[in-house]
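Please look through the sequence and the three-dimensional model shown here, which the paragraphs after it take up step by step.

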Amino acid sequence: MTGNILVTGATSGLGLALVHVLKSAGYTPILSGRNAAKTMALAKAAQVPGVVLDVADIAQIPKSCAQIEQDFGPIYGLVNNAGIWLEGEFGHYSAAEIQAVINTNTSGTIHMTHALLPGMVERGEGAIINVVSTGALYCRKMISIYAASKWAIRGFTGCLEVEYAPKGVRVMGFYPGKISSDMYKTAGIERKLDMAMTPEQGARMLLQMLADKTMLWSHVSGRSIRDYQ
Ligand SMILES: NC(=O)c1ccc[n+]([C@@H]2O[C@H](COP(=O)([O-])OP(=O)(O)OC[C@H]3O[C@@H](n4cnc5c(N)ncnc54)[C@H](OP(=O)(O)O)[C@@H]3O)[C@@H](O)[C@H]2O)c1
């Protein structure tokens, strides 16, 4: 396998696991993250290129993506993985919390795609995987904004799938259940995760979606069987 795969939010959890899985499979993963020191240290440790990229800083995205392609060559695959969690009663969220989730999970994904998809179309091949969530497959209380941010991406992904498949670009959605990452802890939420899918398990699914160029994996979901026990 060859090709540059840009992974956003790759400084922990699913994104970091994906970088390692891709490298083992022979790809060139580009590890990107918003924290410069963490990003460059992890990239060095994994022996892959590292780039500082804050997906919530939408104005910078076109310039950053152009620079990445200039430095490393065309991007075959983009994995829009960066995301943040927000949980609680809707009326208690601050405006800043709401904006941060929408900027990161929704606008970040849309603008990263907007920056890199035209090059893929020009080359007649490419893959974009949006890491969505089972939270975009059903509704439940206390996750209104996180769900809104991901439901938007479910619609976005589905529309781009049919728009760009005829041009050779596979736009796909991954809808995992609980993953044993730090996402909830970072958001100040305690969650029991010993039964959850591991980041490595999720990453192996993403590898399969990227690797089989004959398939457009539309709505790939999954959760650990232990999640039901
Ligand atoms: N964990 C779950 O149960 C679960 C379930 C379904 C879907 N997901 C989705 O899976 C994806 C990966 O999450 P995870 O579970 O691996 O959580 P995680 O370990 O918290 O990883 C999230 C990553 O996103 C990065 N990030 C946050 N805001 C960013 C920004 N503005 N620009 C660039 N990077 C940013 C974080 O960087 P910092 O280290 O700088 O914060 C971190 O590296 C997310 O899209 C999440 O919504 C997670």
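Which helix supplies the largest share of the shell around the ligand? In this predicted model, the largest share is 3 residues, and helix 1 is the element that provides them. Helix 1, which covers residues 13-24, is joined by helix 6, residues 183-186, in that each of the two gives at least two residues to the shell. Altogether 28 residues surround the ligand, and the closest of them are Gly9, Gly13, Gly83, Ser181 and Met183. Sorted by class, the shell is made up of 14 polar, 10 nonpolar and 4 charged residues.

From the ligand we can turn to the fold as a whole. The protein has 7 strands and 7 helices, and reading along the sequence one meets them in the pattern β-α-β-α-β-α-β-α-β-α-β-α-α-β. Its radius of gyration is 17 Å, close to the 17 Å that the globule rule gives for 229 residues, so the protein is as compact as a globular protein of that length. The C-alpha trace spans about 45 × 40 × 35 Å along its principal axes, and 41% of the 229 residues are buried. Among contacts with a separation of 6 or more, 68% are made by residues 24 or more positions apart.

The 7 strands form an open sheet with parallel pairing, in the order 3-2-1-4-5-6-7. At its edges lie strand 3 (50-52) and strand 7 (219-222), each of which pairs on one side only, and neighbouring strands are turned by 20 degrees against each other on average, direction ignored. In general, the strands of a sheet pair through backbone hydrogen bonds. Within this sheet, strand 4 (residues 75-80) and strand 5 (residues 126-131) run parallel and are joined by 4 bridges, and valine 79 has isoleucine 129 in strand 5 as its bridge partner. Helix 7, residues 199-211, lies across strand 1, strand 4, strand 5, strand 6 and strand 7, and it runs at about 160 degrees to strand 6.

A single residue of strand 7, valine 220, lets us follow the edge in more detail. Is valine 220 buried or partly exposed? Valine 220 counts as partly exposed because it has 16 C-beta neighbours inside 10 Å, whereas a buried residue would need 20 or more. Leaving aside residues up to four places away in sequence, valine 220 touches Phe174, Tyr175, Met205 and Met209. Glycine 88, by contrast, is 132 residues from valine 220 in sequence and 27 Å from it in space, C-alpha to C-alpha.

Terms used:
Residues numbered from 1 in each chain as written. Predicted model: local features only at pLDDT ≥ 70, side-chain atom pairs only at ≥ 80, totals over all residues. Pairing = 2+ DSSP bridges. Axes fitted to C-alpha atoms, helices over the stretch in contact; angles between N-to-C directions. Contact = placed C-beta atoms within 7 Å. Buried ≥ 20, exposed ≤ 12 C-beta atoms within 10 Å, placed from the backbone. Near = placed C-beta within 6 Å. Nonpolar A, V, L, I, M, F, W, Y, C, P; charged D, E, K, R; others polar. Rg over C-alpha atoms; globule rule 2.2 N^0.38 Å.
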